[in-house]
Amino acid sequence: MGGDRASTSVIDESCDALSSCRSAATRQPDDRNINMRFQITRCLTRLTVATLLSAALSLPAHADTGKVRFKFFKAGWFIGAQAGSGILSFRGEMYPFRIGGVSAGLTFGGSSTDLVGAAQNMHQASDIEGIYTALGAGVAVGAGRRAIQMRNAKGVVLTLEGEQLGLQFDFDLSGMSVSIQNQ
């Protein structure tokens, strides 16, 4: 008989649980449903805020402008070459660099050039490194002025102007390599 009492109490508990479920399904929302909706809303709000913050942080950082000075010698007879050095002033630091390159087109003579200007769209000093190309024309007989704007693959734009000394005529496509020297 003891076993009958145990099975009767399990059946009674099951019936009570079943009738509780039926009454929960038929009654109006209670505090548990409201609490669950609040938790879902709170989770969706957190997800939205996290998504917006992630999008804001992935925007490109503000690019800075550095100051540059180039000194190089260029010479050629149809095909020209240039070599020199320069210095970049960026975020309070000085970075010396080397310049080298070639040009093809109408190039005759030689000149020494001293240019100063800006390096725009920089995020770090090493952004100045790379190959710059420019289509240019110029004449130097004695002393003259020179201005040029070039861009590398990282998006850095060099805007330069200055003095050119020598005897040179050029109408050419130039490529110039800039590389920061190890300090």
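Let's start with contact range: among contacts in the chain with a separation of 6 or more, 71% join residues 24 or more positions apart. Do keep in mind, everyone, that we are looking at a predicted model.

Now the layout. The chain has 2 helices and 4 strands, and reading from the N terminus the order is α-α-β-β-β-β. Of the 183 residues, 26% are buried. The accessible surface is about 12100 Å², with carbon and sulfur atoms holding 62% of that area.

On to the inside. Which residues of the largest nonpolar core touch the most other members? They are Val68, Phe70, Leu88, Ile128 and Leu158, out of 20 residues in that core. Each of β1, β2, β3 and β4 puts in at least two residues. As a general point, nonpolar side chains in soluble globular proteins tend to be buried together.

Let me stay with Leu158 for a moment. Setting aside residues up to four places away in sequence, Leu158 touches Val68, Phe70 and Ile128, and those three also appear on the list of best-connected core members I just read out. The other partners of Leu158 are Ala118, Ala119, Tyr132, Ile148, Gln149 and Met150.

Next, the cavity. How many cavities of 30 Å³ or more does a search of the whole structure find? The answer is 1, and the volume of the largest cavity is about 190 Å³. There are 19 lining residues, and those closest to the centre are Phe72, Lys74, Gln82, Arg146 and Ile148. You may remember Ile148 as a contact of Leu158. Strands β1, β2 (93-122), β3 (130-151) and β4 (157-180) each give two or more residues to the lining. By class, that lining is made up of 9 nonpolar, 7 polar and 3 charged residues.

I'd like to finish with one of those central lining residues, Lys74. You will find Lys74 in strand β1, which covers residues 64-90. Is Lys74 buried or exposed? Lys74 counts as buried because its relative accessibility is 5%, and the cut-off for buried is under 20%. What is Lys74 in contact with, leaving aside neighbours within four places in sequence? The list includes Ala81 and Gln82, and Gln82 is another of the residues closest to the cavity centre. Further along the chain, Lys74 is in contact with Ser103, Gly109, Gly110 and Ser111, and then with Gln168, Asp170, Asp172 and Ser174.

That's my tour, and I'm happy to go back to any residue on the screen.

Key. Residues are numbered from 1 along each chain as its sequence is written. This is a predicted model: local features need pLDDT of at least 70, side-chain atom pairs count only at pLDDT 80 or more; totals for chains, interfaces and linings use all residues. Side-chain values use heavy atoms; hydrogens and water are left out. Buried means under 20% relative accessible area, exposed over 50%, partly exposed in between (1.4 Å probe, protein chains only). Contact means heavy atoms within 4.5 Å. Accessible areas come from the Shrake-Rupley method with a 1.4 Å probe; for residues, only the protein chains shown count as cover. On a 1 Å grid over the protein atoms alone, a cavity is a set of points where a 1.4 Å probe fits but cannot get out, and a pocket is an open set with protein on both sides within 12 Å along at least five of seven lines; lining residues have an atom within 4 Å of a point. Grid points are joined across faces, edges and corners, and a volume is the space filled by probe spheres set on the points. Ala, Val, Leu, Ile, Met, Phe, Trp, Tyr, Cys and Pro count as nonpolar, Asp, Glu, Lys and Arg as charged, and the others, Gly among them, as polar. A nonpolar core is a set of buried Ala, Val, Leu, Ile, Met, Phe, Trp, Tyr and Cys residues joined through side-chain atoms within 4.5 Å.
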